[in-house]
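Trainee: I'd like a close look at one part of this model, at the level of individual side chains. Pick a spot and stay with it for a while before moving outwards.

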Amino acid sequence: MAKCKGRYWLNFTGPTATEPLIYQLSKKFDVVFNIRQATISDTMGLMGVEFEADREVLQAAIAWLETQGVKVKPVELNTIEG
Amino acid sequence: MAMAETFFSNLKCRECGALYPKKATHVCEFDFGPLEADYDYAKIRAAISREKIRSRPLTMWRYRELLPIDGEPTVGLQVGFTPLVKAERLARALGVRELYLKNDAVNYPTLSFKDRVVAVALTRARELGFNIVACASTGNLANSVAANAAAAGLESYVLIPYDLERGKVLNSLVYGTKVIGIEGPYDQVNRLCSEIAGKYGWGFVNVNLRPYYAEGSKTLGFEIIEQLDWRIPAHTVIPMASGSLLTKIAKAYQEAVKVGLVNASPFRIYGAQARGCNPITAAQQAGTDLIRPVPKPDTIAKSLAIGTPADGYYAVNVMRQTGGAAADATDAEIIEAIKLLAETEGIFAETAGGVTLACAKKLIDSGRIPRDERVVICITGNGLKTAEALDGQLTEPARIKPSLREFDALIVKHEPQRRGEKNSLMEYRQRGNGILETPCLRASAVNKSYGNRSKHTDPVAGANQQPGHGQRRGGDGRGAD
Ligand SMILES: Cc1ncc(COP(=O)(O)O)c(C=O)c1O
Ligand SMILES: [Zn+2]
């Protein structure tokens, strides 16, 4: 199966902000990740990350992150307006 | 202008400083940081001067050396150099000594500051060989892309939230662009556009052409400096959607110093948002540069309704570094400010202008902006495009028969309002309360002191329902007032 790569901004807010979600993600899904940038406060976090996985696995991993309250935004989508 | 020379050297990552070639690309491969135009400032410094700029046509292109294109501009040649209005009546109302309005509500051709960014983006799009251009927009950008693409003979697509103001939609449709309304807030329009940009290879002015587009906003800052006779204003208040305009005005002030056009002097940059979509203001006020997204913006200022502002982080930092601040305004405050601006200065701004003025007022009242220093407020869009925001907010026109008697009756009723005018402007100043004192409130307050005339002062109802009133004072209407 074709591996696919995606670049994302992950926005952690609320109760899950301090959970080790990336660690859990890597246990649950066969996803290679590469953190490019991260900023964290006690209530919020912002991370630029590259994921590599099979397409379905990648989609499932992102869906799971969203159920954990993480806002997932593809990097290319980070446009200005508007 | 014989200026084929370019001073624009590279794209450069704002995070790590990595250099990239001047292509249609906008994020750093290493850290996903935004790319920004980089220039050979030493070369610009040697090439540019006040005299040279003064000798050029009154458009944004007079600062050509500081814009990211290679050849001559080819799109939007007439854009920019909008009036900087010395606003004495509004200054009195707000209780500040020296106030200016940068009036991009009359920018050419589509009546918002977006014509500046689009002129640069489309000139560059042509240089890079794009035939189809597009954008994601909250309205004004769509208008500008549509019009400027039409004039340049480029095909265009504009994607907007489907529920924008009618005027904004119409102002795109008329140019023959393809308008696509997306069922969702702006952030989803944005998301879709990036997927399209990747797939179709179009020139998206605010996706893959973003580093070029964004630089166009600097011209607003250069013009302010030149129009203040080459001085940087101490305080500048700027509306924020993505936050790009705010960061670029600050960049313009810094660059003008760097290339020797103006002496360095301290300046503070202030940002304005609507209460119903205030991610940047909320972060600034909380003392963080981490922007918490607003998932469902809810404000009449639709042009500023971006829940995940791409340049929010940089905007907060500009405000912090310059000693500025941010504020936000409710829908009611936005409308009051639109009216105040219109009544004091004769400028009809769109909702974003209402946001900016309402926030400026708050920043002045709270002491963040001192009353005795030079203040510039940026009015970035035209009120005719967001007319429905004022539905039900203005007094209906008086309606009378074509009769001199009815006309005189009406004038009698207007008179107390006229006398009240001077007093209420003084009140504004004394109470620092300009925005809440609308003319309607004024009229009714004044009516009270006019005792028995108060019954007659509703010009509309009075004119239609009680046409005989004027006679009591003015007889057959030859009264002097
Ligand atoms: C009238 C008006 N003013 C200001 C802005 C803010 O622009 P920025 O996204 O650069 O913050 C916009 C954006 O659409 C606008 O339409
Ligand atoms: Zn970088």
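Mentor: I'll take one helix and its partner, then a second helix pair, a metal site and the overall make-up of the chains.

Quick housekeeping: this is a predicted model, so local features need pLDDT of at least 70 and side-chain atom pairs pLDDT 80 or more, while totals for chains, interfaces and linings use all residues. Residues count from 1 along each chain as written, chains are lettered from A and ligands numbered from 1 in written order, and side-chain values use heavy atoms, with hydrogens and water left out.

Our spot is Ala142(B), which sits in helix α5, residues 140-152 of chain B (helices are DSSP runs of H or I, at least four residues; strands are E, at least two). Ala142(B) is buried because its relative accessibility is 0% (buried is under 20%, exposed over 50%, partly exposed in between, with a 1.4 Å probe and protein chains only). Leaving aside residues up to four places away in sequence, Ala142(B) touches Cys135(B), Ser137(B), Val158(B), Ile160(B) and Ser172(B) (contact is heavy atoms within 4.5 Å). For a sense of scale, take Glu183(B): from Ala142(B) it is 41 residues away in sequence and 16 Å away in space, C-alpha to C-alpha.

Ser172(B) is also part of how α5(B) meets α6(B), where Asn140(B), Ala142(B), Asn143(B) and Ala146(B) on one side face Lys168(B), Asn171(B) and Ser172(B) on the other. Sorted by class, that contact has 2 nonpolar residues, 4 polar and 1 charged (nonpolar is Ala, Val, Leu, Ile, Met, Phe, Trp, Tyr, Cys and Pro, charged is Asp, Glu, Lys and Arg, and the others, Gly among them, are polar). The axis of α5(B) comes within 8 Å of that of α6(B), residues 166-173, and they cross at roughly 15°. So α5(B) and α6(B) are roughly parallel (under 35 degrees; over 145 is roughly antiparallel, 65 to 115 roughly perpendicular, the rest oblique).

Now set that beside helix α11 (residues 279-286) and helix α12 (residues 312-322) of chain B, whose axes come within 10 Å and cross at roughly 45°. That angle is why α11(B) counts as oblique to α12(B). Here Ile280(B), Ala283(B) and Gln284(B) from α11(B) pack against Gly312(B), Ala315(B), Val316(B) and Met319(B) from α12(B). This contact holds 5 nonpolar residues, 2 polar and no charged ones.

Then there's the zinc ion (ligand 2), held at 2.2 to 2.5 Å by the SG atoms of Cys13(B), Cys16(B) and Cys28(B), plus Asp31(B), listed twice through OD (donors are N, O and S within 2.8 Å of the metal, 3.2 Å for Na, K and Ca). Along the sequence the donor residues follow C-x2-C-x11-C-x2-D. Cys16(B), in the loop between β1 (8-13) and β2 (19-20), and Asp31(B), in the loop between β2 and β3 (35-39), link distant parts of chain B, 15 residues apart. Cys16(B) is partly exposed, at 43% relative accessible area, whereas Asp31(B) is buried at 8%.

Zooming out, chain B has 18 helices and 13 strands, and 60% of its 481 residues are buried. Of its contacts with a separation of 6 or more, 72% involve residues 24 or more positions apart. Chain A has 2 helices and 4 strands, running β-α-β-β-α-β from the N terminus. In chain A, 51% of the 82 residues are buried.

Terms used:
Axes fitted to C-alpha atoms, helices over the stretch in contact; angles between N-to-C directions.
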